[in-house]
Every structure is written in structure tokens, then in C-alpha cells.
Amino acid sequence: MKKKNPIISFFTSREGILAIFVVLFFVVLTATSNLGSDMYSFLKDISYMIVGGLALMLVIMLGEIDISSGTVLGLIGFFTGNLLKMGVPIPIVVLVAMAVGIVNSAVIGFINVKFKVPSMVVSLAMVKLHIGIFPLLPNAGWVSNIPKEITAIGNTRIAGVVPAILIFSLIILVFFIWFMKYTRFGKKIYAVGGSKDSAKLAGVNTNKVVFKTFLLSGALLGITSIMYWLPASQVQPSGTNGLEMYFIPIAVVSGVSILGGTGRPIGILVSAVLIAMLQRACILWGLGNSWLYLTYGVVVLVAVYSSVTEFSSIFGKKAKEYKGGAE
Amino acid sequence: MKKKLHISNNMILFVILILLIILFGVLIPDGIFFNPSVLIGTTSDIAYLGIMALPMTFIILTAGIDLSVGFLMTASAMVFSKVFTMTESLTVGIIAALAAGMLFGFLNGILVAKTKIHSWLVSLGTMYIFQSVTWFIGGSHSYAPGNALIDFGTGKIAGIIPNQLIILLICFLIFELLDTKSTLGRYLHAIGHNESAVIYSGVNAKMIQCLIFVMMGVMCALAGLMFLGKSWEVNQTTGLNMNIEVITLVVLGGTSVAGGVGSVRGTFIATLIIGVLKKGLALMGMSGDVYNFILGAVLIVALIAFAYLEVRKRLASREMAVKNMNE
Amino acid sequence: MSTILKLEHIYKSFPGVKALDDMQIELEQGEMHAVCGENGAGKSTLMKVITGVYKADNGNMYLNGEKITVKEPNDAYGKGIAIIFQETSLFKDLTVLENMFMGHEPVKSICGIKNLDYAAMYKKADEIFEFLGITDISYDEKIDNLGVAAKQMVEIAKALTYDANILIFDEPTAALTNKEVRSLFETIARLKKQGISMLYISHRMEEIFEIADRVTVIRDGSYVRTANIGEVTEQQLIAWMVGREMGDLYPKVEVELGEPVLKVKNLNKPGLLEDISFEVRKGEILGFAGLAGAGRTEIAECLCGLMKHYSADIEFMGKSFKAKSYRDAIKEGLIYVSEDRKKYGLVVPMSIKENMTMSILYRISKGSFIDFAEEDKTVEKYMKDLGVKAPDKDFVVDNLSGGNQQKVLVAKALCANPSLLILDEPTRGVDVGAKAEIHRIVSNLAKEGLSIIMISSDMPELLGMSDRVVVIKNGKKTGELERKDFSQEQVLEMAL
């Protein structure tokens with residue numbers, strides 16, 4: 001029985017190579033801009049990106065997607081903001097946030113599993129529902145005047161620069177590292193993502209796994225929403241529209257194969273830092289939105305291309321013989 | 001049997017259309033809705049969406065999808081603006097816009113045809129890239145009346161039939177012919193059902209897939225010009241979530257996201273329905289958010305309904321096969 | 001010896017095909033029981049019914065005399081029945097250890113939370129690996145990085161993690177080298193010594209005679225008979241599998257052969273084909289014999305331009321020829337009819353008409369628009385010529401029987417006016433009556449001067465229909481026989 005050295009295998013893995021790149025990028029960025037003075041808000045962004053990235057990692061590992069993961073955060077924020085204003089204790093608000101997230105993802109998961117409609121299209125429809133639901137709700141619009149004490153809790157700092165919510169998001173990350181390695185359900189997610197047919201042969205109820213994974217992802221989106229809005233003094237629901245633009249790249253860059261079946265939570269940490277840095281770089285270097293969007297577009301395409309193509313085949317030798325284009 | 005079902009799908013849609021017109025006619029005071037110019041306006045107002053939905057039908061028929069359409073449209077419209085401002089020639093501007101649309105579409109097409117990445121991911125990546133193009137060109141582009149494009153875009157033939165509607169009708173007829181009478185239409189349906197079998201019939205399926213994305217690009221550019229002619233303005237947020245509206249038209253028209261099943265005719269009727277819906281809601285004083293919500297709901301209901309019908313149809317055909325065998 | 005597993009009156013249908021028809025089988029404690037039959041006889045379907053992958057339409061199953069029902073794979077595992085699949089069912093991105101215990105990992109509670117017990121997994125895996133004598137596979141290796149034989153060992157190890165006492169092997173040696181086969185047989189001998197009962201599916205005679213105790217023969221989804229291995233001969237087994245004497249089903253018409261239509265010299269494709277040369281004459285039916293995966297299909301795909309990156313000197317219809325794409329080949333009159341009807345042959349949700357003209361649309365269209373009158377004429381002609389039984393030409397192919405689907409596929413090829421037709425397993429998944437009809441069609445085509453290459457694993461069919469047979473083994477041509485020299489034994493010897 002042979003075991004590999006964990007340190008060596010980390011630094012030769014995709015995550016390890018990314019991590020080295022991230023560190024170098026960080027050094028260059030701090031040297032050429034005033035990122036250091038803005039470290040707190042940078043870390044705050046990373047906090048919610050990690051959790052949102054995890055939420056997307058879970059569904060993408062199954063070969064599914066949730067494009068409404070940005071707009072749903074605004075909807076959840078609208079509910080939680082109002083509850084906080086009414087003086088509801090934070091733990092209960094967190095539970096409500098998770099519940100709303102779960103309900104949203106349950107709809108996508110249910111339609112996907114029951115009617116075999118691709119989650120991509122269902123979640124697109126959800127985007128419109130999230131945007132359009134506000135006129136039907138009481139007190140629609142911005143939630144402002146959230147009590148200062150609550151905003152202060154959201155902005156709790158440790159050692160001056162480390163946001164408390166980063167600690168929470170790292171705890172969640174550690175939980176998922178454990179979850180994916182030490183529970184049967186974690187293994188089932190890998191199995192169903194790898195091959196639904198094989199998973200069925202191994203006695204896995206694939207529909208149940210897909211549905212439950214969507215629920216899990218919904219709960220994580222609830223937490224993401226809390227992390228995004230709690231430090232803010234007001235909730236502007238449309239503010240989170242488009243955040244899926246961070247989460248999807250975070251997931252695919254981390255090594256989650258869009259064909260399903262691969263991906264490790266530790267990779268999410270590395271790629272969340274990377275994506276957050278790309279965003280900061282575009283601002284701090286004065287490149288603006290044009291370069292930001294271009295970067296994300298290219299990052300998504302390159303990350304996805306590298307996950308569906310054998311690494312060796314990028315350099316000439318094709319891994320799989322072309323057979324009339326058919327698999 | 002399949003043919004019968006097609007007709008009945010479109011007939012159901014047609015009945016829904018009539019019912020909607022009657023509903024709004026009654027609900028909106030003074031019978032404003034039955035006014036011919038209002039009724040005709042329902043379609044011409046969203047003619048630019050209908051124009052994009054036609055090639056989108058082709059793409060979804062092949063089991064693909066294009067998420068980048070909204071920003072592709074905006075980017076091409078901005079190219080027009082930029083070139084038009086520089087050269088002050090309408091012709092040069094239009095040619096530049098169509099060429100840009102073709103180029104953008106080709107980028108999508110070549111990535112879909114040459115890599116193993118599914119088109120929804122390709123177009124998600126290129127969506128950001130086209131979005132970045134809108135930022136590179138920059139700013140908001142608006143025109144006052146008196147400009148030839150605006151005059152044409154808001155003009156009417158014989159004072160009653162809007163030019164926008166005429167363009168939509170011409171495009172619809174072309175695509176309808178392609179769908180039902182051409183080899184391309186036949187191949188598109190076949191690719192959606194079974195790409196391998198098409199390749200093994202000596203057809204270059206990859207080239208066809210590339211071709212329809214190029215068509216999509218050109219039509220988006222045309223839609224961009226129509227949008228500009230109607231709304232007098234484009235800016236960076238114009239294309240946001242427009243892809244969902246276009247996809248809704250196609251899915252509501254009975255085209256299956258699983259590929260193979262669907263028709264351009266259905267998409268056209270769906271365009272009429274959504275046009276009536278949008279105008280009717282606006283005349284009743286509802287905000288755009290309500291329209292968004294209803295659009296999302298329509299998309300979800302259509303997805304479920306057609307998926308359900310598809311399952312029923314498959315079961316029926318399976319029974320028939322068993323019967324056929326036992327005879 | 002007592003009966004451990006017994007199945008009787010098993011029926012299973014798929015749309016258009018009766019896969020199992022009153023099937024039965026009896027497995028005794030500790031025996032090695034071979035199941036043999038031709039391709040498509042229903043062996044794999046039977047095994048999938050036993051392991052709960054498919055649900056039988058009807059029938060009874062007894063384990064140790066007790067009636068049981070197996071609804072899903074988990075039920076079978078729970079009862080100690082495990083299968084080593086033909087196409088490997090492992091997860092390629094997961095490690096060996098994760099694969100072995102997928103779905104039934106041992107757990108232990110820590111503070112009330114169930115944790116996967118890796119220590120227990122390693123311990124059990126150690127035991128199993130030691131028992132199987134595996135030393136060269138690391139638990140943490142990804143399946144993707146393993147070879148075929150190693151993957152199969154992992155499959156066996158995985159089956160043993162279920163504490164299975166009935167193991168089913170589905171053509172385990174199909175993709176193994178001789179050395180690997182030897183080591184597999186050693187493993188099987190060990191398993192047998194432990195009292196594990198095994199079902200072994202194969203159509204390789206010498207393997208069956210080497211390792212099996214008893215053999216059950218099935219044909220066309222029905223049970224034929226069971227015998228002790230010592231009491232039968234190879235010829236008898238083949239006769240049972242085939243169920244008919246050679247020649248009575250095959251209306252081979254003697255045809256005066258013409259000039260060579262196709263000459264292939266030194267066809268090479270790295271890793272797949274090596275130095276293959278042959279020629280086909282006008283009106284000739286050239287048979288390609290060999291095992292599945294020997295490279296017969298690949299030869300056809302190279303000729304048609306469906307596969308790229310090969311080298312060869314090809315002369316077709318008197319001139320040098322190399323297809324850049326399949327469309328080129330079709331234009332020249334070289335047509336390939338795929339073995340996988342539903343995947344590469346037909347678009348089953350579409351109509352007969354649409355399928356038949358799929359490869360010749362470019363020819364029956366004006367500009368880019370289809371000439372519907374011309375299309376109808378073509379389709380009606382071939383439907384009548386080949387006797388496709390369907391209400392009309394707009395009937396959906398999916399609802400046709402297997403035999404009629406195959407006729408549509410042949411008609412699709414004939415529409416293109418071929419000079420050379422390559423038929424890959426033309427009667428797979430087709431019932432006996434339709435088989436004879438397809439044979440008659442093929443014979444008539446040859447009589448009309450069409451050259452045909454017929455790839456088939458159905459030995460009597462191949463020998464009954466062909467003028468000449470080329471035998472392919474591991475991508476090499478190992479022999480060529482004239483009709484007068486045909487014998488099953490000789491072909492098998494060259495192919496195995």
C-alpha cells in the first residue's frame with residue numbers, strides 16, 4: 001500500500017499551481033497599488049465569494065448550474081434586511097436566509113429532476129422571477145436605516161483587518177472539506193457527477209442526490225447573502241445582480257470540471273482569492289469595467305477549456321482520436 | 001403522429017393569443033387595446049426580440065443555446081454608433097454593425113464547433129467579452145429624431161404598418177422557409193436528436209453549428225439597429241437579461257431545450273403572445289417588474305408543460321413500438 | 001452440491017425487441033458456470049436482470065430456494081450478488097479506494113456524526129488485495145491512470161467488498177492480453193477455491209472449456225440447454241448457439257465476379273491498424289471476420305473518411321482515392337452502414353422518409369431547398385424494393401421493429417447509389433425472420449453487381465453469405481479464405 005506525500009501532491013495539483021500564481025499576483029498587486037490600505041474590504045469580499053463559490057461548486061460538480069445565484073442574493077437580502085430592522089435576532093435571520101435560499105434552489109432542483117429540464121434554463125427563468133417579484137411584496141425597494149449596532153456586528157474586525165465573517169466562511173470551507181471527504185453523501189456527489197449511469201449501477205439514487213445537492217447549494221447561497229448584506233447599512237436588492245459572474249468563474253477556475261465529477265473545496269479558497277484580486281486589479285490599476293468583463297470572459301473560457309481537454313492535448317498530442325466528432 | 005402534435009401545439013398557442021387579446025381588450029378601459037395601431041404595435045414593439053428569437057430557435061433545435069445575444073446586440077449597435085459618428089454614413093455604419101455581429105457570432109460558432117465545450121458555457125464566456133466590448137466603446141449612445149435610422153425605425157408604411165413589423169415578417173418568412181423546406185432545417189432537427197447519426201450521413205454537422213451562430217450574430221446586429229431605431233438609445237445595461245426574453249419566446253413556441261423538436265412558426269406565435277402581454281401590462285399601468293415576473297413564470301410553465309408533453313409522447317410511442325412488435 | 005441461484009420463466013422486452021423470452025438458468029454452489037450465445041442472444045440482458053439493472057417483465061428468481069425480487073442494484077449487492085461489467089462501471093476521476101467502496105462505505109460515529117471510516121476501508125482493501133494477490137495498484141491512484149487489466153482487478157475487488165458469494169463476469173477477457181488473461185484465470189481459480197459461485201459470460205470456446213464446470217447455451221433470448229463441460233464438444237456448443245445448420249438460412253446466389261472495385265494496400269493507423277491489404281471485386285461479398293474490437297469497424301471508417309490520420313494506398317473504381325470526409329466517399333459511391341443502428345445509423349425520433357434521404361439531401365435539393373417530389377419518389381421506391389413494413393413514409397423510425405429499422409438503414413445507404421457497400425453487423429438485434437430477409441436483400445444486391453464488404457460476428461452468417469473472408473485480429477490481417485475453403489474452425493483459429 002502506497003501513499004503519496006500530501007505536500008508534494010498539493011503543489012503539483014491544479015490547486016497548488018494556482019496558489020503559487022495567486023501569491024505572486026498578490027505581491028505584484030500590493031506593490032503596484034494601495035491594496036494594503038483597503039485590505040479589510042478586500043477580505044470581506046473574499047468571504048462571501050468563498051461561500052458563493054462553494055454553492056456553485058456543488059451544482060457544477062453534478063453537471064448542473066444555477067445562473068440565478070446572483071439575483072437570489074438580493075431577494076434574500078430584502079427579507080433579511082426587513083427582519084433585522086424589525087429587531088429579529090441574527091441567528092433566526094440567518095435561518096430565514098437559508099430557508100429562502102433552499103426554497104429557491106429546491107424549485108430549480110425539482111424541475112430539473114422531475115421534468116429533466118436543464119437547470120441552466122430553469123435558473124434563467126428564476127432570474128426574471130427574482131427581479132420581478134418585488135412589486136408583489138410589501139415595502140418593496142431598498143431597505144435602509146438598518147440599525148447601526150447590527151451593521152457593526154457585520155463589520156466586526158479581528159486584529160484590525162480581518163473581518164469576522166471571513167472566519168465564518170473559512171469554518172464553512174473546512175466543513176465542506178470534511179463533508180466531501182468523510183461523508184457518504186459527499187462521495188455520492190462525486191459519483192453522480194462523474195457518471196450517472198455508473199452511479200446507478202453502484203446503487204446510488206441519482207435523482208435524490210441531485211435534489212439534495214441543490215438544497216445544500218441553496219442553504220449556502222442564504223449564508224452568502226447574509227455575508228454580503230450584514231456589513232451594509234442598506235440593502236439594495238439589485239446590487240447583487242450579476243454576482244454569479246464571480247461565483248461561476250471561481251468554481252470553474254478551482255478545477256471543478258463542467259463535465260462533472262471533479263473538484264475540491266480547497267480549490268475554491270484559492271480561486272476566490274484570485275477572482276477577488278482580478279476584480280481589485282481592474283479597479284486599482286484604473287482599467288475599469290471593460291477589462292474586468294474581458295478578463296472574466298476569457299477566464300471562464302480558458303478554465304472550462306482546460307477542464308474538458310486533457311492537459312497533454314493542449315500541447316499537440318490529442319488524447320482522444322477524432323471520430324467524426326462523435327464520442 | 002408527430003406532425004399532428006406539432007399543429008396542435010401551435011393551435012393551443014394561438015388560442016392563448018386570442019384569449020389574451022380579448023382579456024386585455026376587456027380589462028383596459030375604452031377598448032383602447034382593440035385599436036388597430038395599438039394591436040399592431042404589440043408586435044412591432046418587440047420585433048427586435050422576435051428577430052433574435054428566429055435564429056435562436058435554430059440553435060435550440062440543435063440542443064444548443066446562446067446566452068450572449070443581449071450583449072452581442074448591444075455591442076453591434078454600439079459599433080454602428082461609433083462608426084456612424086465617425087463617418088456620418090448610414091450605409092457604412094450598418095455594414096459595420098452587421099460585420100461586427102457576424103464576427104461576434106463567428107467567435108461563438110467557432111468555439112462551439114472546435115472545442116468540446118457546450119454552447120451555453122461558450123456563450124456565457126463570450127457574453128462577458130461582448131459586455132466588455134460595450135464598455136470599451138463606452139458611454140451611452142442616443143439620437144434625436146431627424147436621424148435617418150430613427151425615422152426608419154419609428155416609421156410606418158401607409159401610416160399604419162410599422163417598418164419594424166415588416167422587417168420581422170420578412171425575416172420570419174425566410175426562417176420559416178429554411179426550417180420547413182431547406183436541407184439546413186432538416187439537418188438542424190436531426191442534429192438536435194442525434195448528432196452522431198448526422199455526421200455518419202456525411203454531413204458536416206460542426207460547420208452547420210458554426211453557421212447558425214454566425215446567423216445569430218448577424219440577426220442580433222440587425223436587432224440592435226432596430227432597437228436603436230425604436231428606443232433612440234443604447235447603453236451598457238441594454239442587453240442585460242435580454243437573453244432570457246429571447247429564450248422565452250423560443251421555449252414558449254414549443255421548441256424543446258433537449259433539441260430536435262420545435263418550429264419557427266411556434267416561435268413567431270410566441271412572439272405575438274409576449275408582445276400582447278408586454279403591451280397589455282404596460283397599458284394597465286403595471287411596471288416592468290411585473291412583466292419580468294410574468295415572463296419568468298411563463299418560461300417555467302412552458303418548460304414544464306412541454307417537458308410533460310414530451311414524456312407523454314415518448315410513452316405513447318413506446319407502447320406503439322411494443323404493439324408493433326407483437327403483431 | 002446445492003442450487004444457490006435459480007431463475008425461471010424470465011421475460012424482458014425493449015421497444016421493438018424481445019430480449020429475453022422464457023429464459024431460465026440454474027447456478028450451483030461453488031461452480032463456475034459459463035453462459036454462451038451469439039452476439040445479441042441476450043446474455044448481457046440476463047445478467048442485468050439478475051443484478052437489478054433491468055427489471056424483468058415477468059419471471060421468478062430464487063436464492064437458496066427462497067423467492068427473491070431484485071428491484072435495483074443495491075438489492076442484488078445486499079444479497080451477495082455482484083457483477084464485473086463488460087464496459088467498466090468505475091468512476092474515472094475517483095481513486096481506487098473510493099471506487100471500491102462507493103455507496104457502501106463503512107462509517108463510524110464521532111460525536112454522533114457519521115464519518116467515513118478510512119481505516120476500516122484500508123484494512124478491508126488490504127485483505128481483498130492480498131486475497132487477490134494484487135501488489136501493483138495504489139489505493140490513491142485515480143482510475144483514469146490505470147490500464148484495462150488493472151481496472152478489471154479493481155472491479156473484482158469492488159465486487160468482493162460487498163462480501164459477494166455470487167460473482168458474474170461479463171466477457172471479462174474481451175480487452176485483455178494473453179498474459180492478463182492468465183492472471184485473471186488464476187484469480188478466478190482462487191475465488192472458486194473460496195466457494196464463490198460464478199457466472200461467466202463468453203463466446204470464446206477455449207476459455208469456456210478451460211475454466212467452466214457447466215455451460216448454459218442461450219439463443220435469440222431463449223434458453224437452449226445446460227450441460228456439464230466434460231460431456232460436450234466445441235462443435236456441439238456451436239451448433240446449439242447457432243441453432244441451425246450452415247447454409248439453410250443464407251440464400252447465397254452464385255455471382256460471376258468482375259474486376260476489382262476496391263484495392264487497399266498497407267492500411268496503417270498507429271495503435272489500431274497495421275499493414276492491412278485486401279481487394280474487393282465487382283459483385284463480390286467480402287466477409288470481415290474477427291472479434292469485437294479487432295479493428296474491422298476502424299478499417300471501414302478509415303476508408304470512408306470518418307476516421308482521420310491513417311496511411312494507405314487505396315484504389316477505388318480504377319483511380320487513386322482517399323476520402324477527406326464521409327461526404328467525399330458518398331459522392332464516389334462508398335457507403336458505410338454502421339453497426340450501432342440507434343447511435344450512428346438512424347435518427348430514431350424522425351420519420352422513415354427523413355432518415356432515408358439524410359445522406360443524399362444534397363442531391364435531391366434545388367439550391368438549398370429540398371425537392372419534396374423527388375424525395376417522395378426515391379423513398380417510396382426503396383420502401384417497396386426492400387419491403388419496409390410501415391403504415392407510411394412519415395412513420396417514426398423509433399416505432400418500427402428492429403428488422404424494419406435495419407431495412408430503413410440499408411435503404412438509406414442504397415439511396416446514395418453505392419458502388420461499394422460496407423455493412424457492419426447488418427443483422428444485430430434483429431429477429432430470425434428479418435435476418436433471412438436482410439440476407440436475401442444483400443444477396444440480390446450482389447447479384448445486381450454491387451460490391452459488398454460485410455463485417456459480422458455471426459459466424460454462420462459470414463460464412464454463408466461471403467465469397468471470401470478476411471480475418472482481422474488485433475488490427476492485423478491474419479488470414480484470407482476462399483469460399484471453397486471455408487470452415488468455422490479455421491476462421492476461429494485465425495481470429496482468436
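## Briefing: a sheet in chain C and the contact between chains A and B

In chain C, strand β11 (residues 214-219) is joined to β12(C) by 6 bridges, and the two run antiparallel. This is a predicted model. Two topics follow: the sheet of chain C, and the side of chain B that touches chain A.

**The sheet in chain C**

- β11 and β12 belong to an open sheet of 6 strands in chain C.
- The strand order is β6-β9-β10-β3-β11-β12 (chain C), and the pairing is mixed.
- β6 (81-84) and β12 (222-228) of chain C are the edge strands, each pairing on one side only.
- From one strand to the next, the twist averages 20 degrees.
- Within the β11 and β12 pair, V215(C) stands opposite A227(C), a residue of β12(C).

**A helix across the sheet**

- Helix α5 (residues 148-161) of chain C lies across two strands, β6 and β9 (166-170) of chain C.
- Helix α5 of chain C runs at about 175 degrees to β6(C).
- β6 of chain C is thus named twice here: as an edge strand, and as a strand that α5 of chain C lies across.

**Where chain B touches chain A**

- The contact involves 38 residues of chain B and 38 residues of chain A.
- On the chain B side, the elements giving two or more residues are α6 (119-137), α10 (195-199), α11 (205-231), α12 (242-252) and α14 (288-326) of chain B.
- Of these, α14(B) gives the most, with 13 residues.
- By class, this side of chain B has 24 nonpolar, 10 polar and 4 charged residues.

Notes:
Residues are numbered from 1 along each chain as its sequence is written. Chains are lettered from A and ligands numbered from 1 in the order in which they are written. This is a predicted model: local features need pLDDT of at least 70, side-chain atom pairs count only at pLDDT 80 or more; totals for chains, interfaces and linings use all residues. Two residues are in contact if their C-beta atoms, placed from the backbone, lie within 7 Å. Helices (H or I, at least four residues) and strands (E, at least two) are DSSP runs, numbered from the N terminus. Ala, Val, Leu, Ile, Met, Phe, Trp, Tyr, Cys and Pro count as nonpolar, Asp, Glu, Lys and Arg as charged, and the others, Gly among them, as polar. Two strands pair if DSSP finds at least two bridges between them. Axes are lines fitted to C-alpha atoms, for helices over the stretch in contact, and angles run from 0 to 180 degrees between N-to-C directions.
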